[in-house]
Structure formats: structure tokens, C-alpha cells
Amino acid sequence: MASNHKSSAARPVSRGGVGLTGRPPSGIRPLSGNRVATAMPPGTARPGSRGGPIGTGGVLSSQIKVADRPVTQQGLTGMKTGMKGPQRQILDKSYYLGLLRSKISELTTEVNKLQKEIEMYNQENSVYLSYEKRAETLAAEIKEFQGQLADYNMLVDKLNTNTEMEEVMNDYNMLKAQNDRETQSMDVIFTERQAKEKQMRSVEEEIEQEKQAADDIIKNMSLENQVKYLEMKATNEKLLQELDTLQQQLDSQNMKKESMEAEIAHSQVKQEAVLLHEKLYELESHRDQMIAEDKSIGSPMEERQKLLKQVKDDNQEIASMERQLTDIKEKINQFNEEIRQLDMDLEEHQDSTNYGWKITEKNTESFKKQV
């Protein structure tokens, strides 16, 4: 401390600055008295110098003042930050073990904290479930009480309006009959539901059996057929996806069409516009057809050659048909001649058979006479 409070007269002039007394060197502006007083307050010194304590903080923790930036021959100089406190020189095994233990203790503390939070959440969840069950039972009770209250209110209304007992009994009987009908319909619906569920289970079992049979068939296939089957299956799935996409698009287009038709139905102007568009479409189609016919029709010479060619083809076809007709007529005449010849042969055969029978009868009669 004595060195920090030495007399200013005994302080020599430094190379980069001046002392508090004595004539300053040429070219250096002497500091004013106030500047000297604020530049180095008593009991303080520049960070990192021998005249003051070593700073323990970094640049962010140090308090920088404009008065602490001394003016030198070279201009303003930056503050020299102080070094941190003493550090460990050798990072041996014990250092890392200590660091590891500290981290393990921190992790253990955090795990214990999370475990406590989990237990608390589990307790809250169990309490919530119990509360939820209790709320359901209370809601059922409230619903029942509301029904009873409605009945009592209706009875009070009947009493206040001096309704006869017969009317009340008639309403009661009517409601009872309605409830009985609804109960019967509910029983029928419940029975049908059970039958449908049973049918669905049987269908699902059949589907599983068919799948199992298909899997067995696929396993018994050759490798080439299995690869082909997988490719076809992938193609089928892809096509099904495309079909779904197209079906969605079709549905959207149908909905759009229905909405547009509804809009058109409520607007006379739009209906007339639709009729004009349809007429325009028909006229454009007729125009395109006429243009196509005009393009197909050639020049007169081409039409003449086309007609001549068509006449020649028709004549050739007629000649060939006449030849075929002549051949057919000749064959018919030949068949008729053969039929006539067969008829004549058949008649001759029948005549000879009748003559033989007559001779046999005469011989039999003569034999009988002789006997």
C-alpha cells in the first residue's frame, strides 16, 4: 500500500506519458488537474497493473469508464482486461473424476426431480380417472332426475289446469303404447344387428380362409410366377389408387356440376346462355363436318377417275358373281338330273319286285290245285 501512495515528486516520467509534477515533454498536452484526479482515483489502479489488484471478472463483468482510458502519445488505448483467478495447472485423473462425480450428482438430482413429477402426475391421473367415473355416474343420475322432474312438472301442469283424471290416463296409455312400440322396434333392430354382426364375422372368417388359401397357392408357385404375381399385385394397387383419385375427381366434378345446374336453374339469363352455347356447339360441329367433307372431295378429274375406278370394280364384281351364278345353275341342273335318274331306277326296282310277287302267288295257287 505504501508504494501506491508515494509522493508525486519522486515519480519519474514514463516513456509513454508524464508524471504528476515536472515539465511535460514537448508535443504532449499536459493533463488538467481534474483529469488527473479522475484518471486514477485513490486506492484504484489500472486492471492488470502492479499497482492494483487483479480483476476477477472478464470484459463483460468489468466496469469501463471513459475516465479510465488514459491519453498517451499514440492516442487513446484500450483497457487491458484482467486475468481470471488461479486455475488448475494439471488436469489429471482426479480432476476428471471430480468433474464426473459432480455431473453424476447433477443428473441424479434431475432424475429424482423428474421421478417425483412423474409420481405426482400419476396420482393426478388416477384421481382424474376416479373423478371422471364419478362424473359419469352423476351425469346418469342427473339425467334420471331430469326425467322425473319433467314428469312432476307435467303432473303439476295438469293439476293447475284442472285436467280430468281420464285425460291423464288416456295420455298415459298413449305414451305407454308408444313406448311399447318403440321397445319392440328397438328389439327388432337389436336382433337384426346381432344377425348382421354374426354374418359379418362369418364373412370375415371366409375372407381369412380365402387369404390363407391364396397364400398357400402363392407359396407353392414357382419363383418366376411369384415375381410375376408380386408385379401384378403392385400394378393392381397402383391402379386402385388411381381409381380412387379419379373417383374423387369425378365426385368433385359432379358436385360442381350440380351446384352450377342449381345456379343456372335460378337464373334465366344463364339458361339462355346455356342454350346459346349448345346451339353454338352444334353449329361448330356441323361446320367441322362440312369442312371435312369439303376436304375429302377432290377435283372433277379426280372424282371422274374415282367413279371410273368404282364402275370398273363394280363390273368386275358383277362378272364374277355372274360366273358363280352360272356355275351354281349348272350344278343345280346336274343334281336335278341325278335325282331324276335315281327316281327312275327306284321305280324300275319297285316294278320288278311287284312282278316277282305276282309270279310267286300264281305258282302257289297252281300247286294247291294239284294237291
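Here is a walk through this model, from the whole chain down to one helix pair and the loop that joins it.

Let's start with how far to trust what you see. This is a predicted model, and the protein chain has a mean pLDDT of 77, with 71% of its residues reaching 70 or more. Some caution is due at the start of the chain: residues 1–62 have a pLDDT below 50, and this stretch has 35 contacts in the model beyond near neighbours in sequence.

Now for the overall layout. The protein chain contains six helices and two strands. Read from the N terminus, the elements follow the order α-β-β-α-α-α-α-α. Of its 371 residues, 2% count as buried. If you look at contacts between residues at least 6 apart in sequence, 35% of them join residues at least 24 apart.

With that picture in mind, let's turn to α4 and α5. Two packed helices are described by the angle between their axes and the distance between the axes. Here α4 and α5 pack at an angle of about 115°, and their axes are 6 Å apart. Because angles from 65 to 115 degrees count as roughly perpendicular, α4 is described as roughly perpendicular to α5. On the α4 side, Glu263, Ile264 and Ala265 make the contact, while α5 contributes Lys270, Gln271 and Val274. Sorted by class, the contact has three nonpolar, one polar and two charged residues.

What lies in the loop between these two helices? Zoom in there and you will find Ser267, in the loop between α4 (223–265) and α5 (268–296). Is Ser267 buried or exposed? Its relative accessibility is 19%, and since buried means under 20%, Ser267 counts as buried. The side chain of Ser267 also reaches the backbone nitrogen of Lys270 at 3.4 Å. Lys270 is a residue you have already met, as one of those that α5 brings to the contact with α4.

How values were computed:
Residues are numbered from 1 along each chain as its sequence is written. This is a predicted model: local features need pLDDT of at least 70, side-chain atom pairs count only at pLDDT 80 or more; totals for chains, interfaces and linings use all residues. Side-chain values use heavy atoms; hydrogens and water are left out. Helices (H or I, at least four residues) and strands (E, at least two) are DSSP runs, numbered from the N terminus. Buried means under 20% relative accessible area, exposed over 50%, partly exposed in between (1.4 Å probe, protein chains only). A polar contact is a pair of N or O atoms within 3.5 Å; within protein, one must be able to donate a hydrogen and the other to accept it, and residues adjacent in sequence count only if both atoms are side-chain atoms. Axes are lines fitted to C-alpha atoms, for helices over the stretch in contact, and angles run from 0 to 180 degrees between N-to-C directions. Angles under 35 degrees count as roughly parallel, over 145 as roughly antiparallel, 65 to 115 as roughly perpendicular and the rest as oblique. Contact means heavy atoms within 4.5 Å. Ala, Val, Leu, Ile, Met, Phe, Trp, Tyr, Cys and Pro count as nonpolar, Asp, Glu, Lys and Arg as charged, and the others, Gly among them, as polar. pLDDT is the predictor's confidence in each residue, from 0 to 100.
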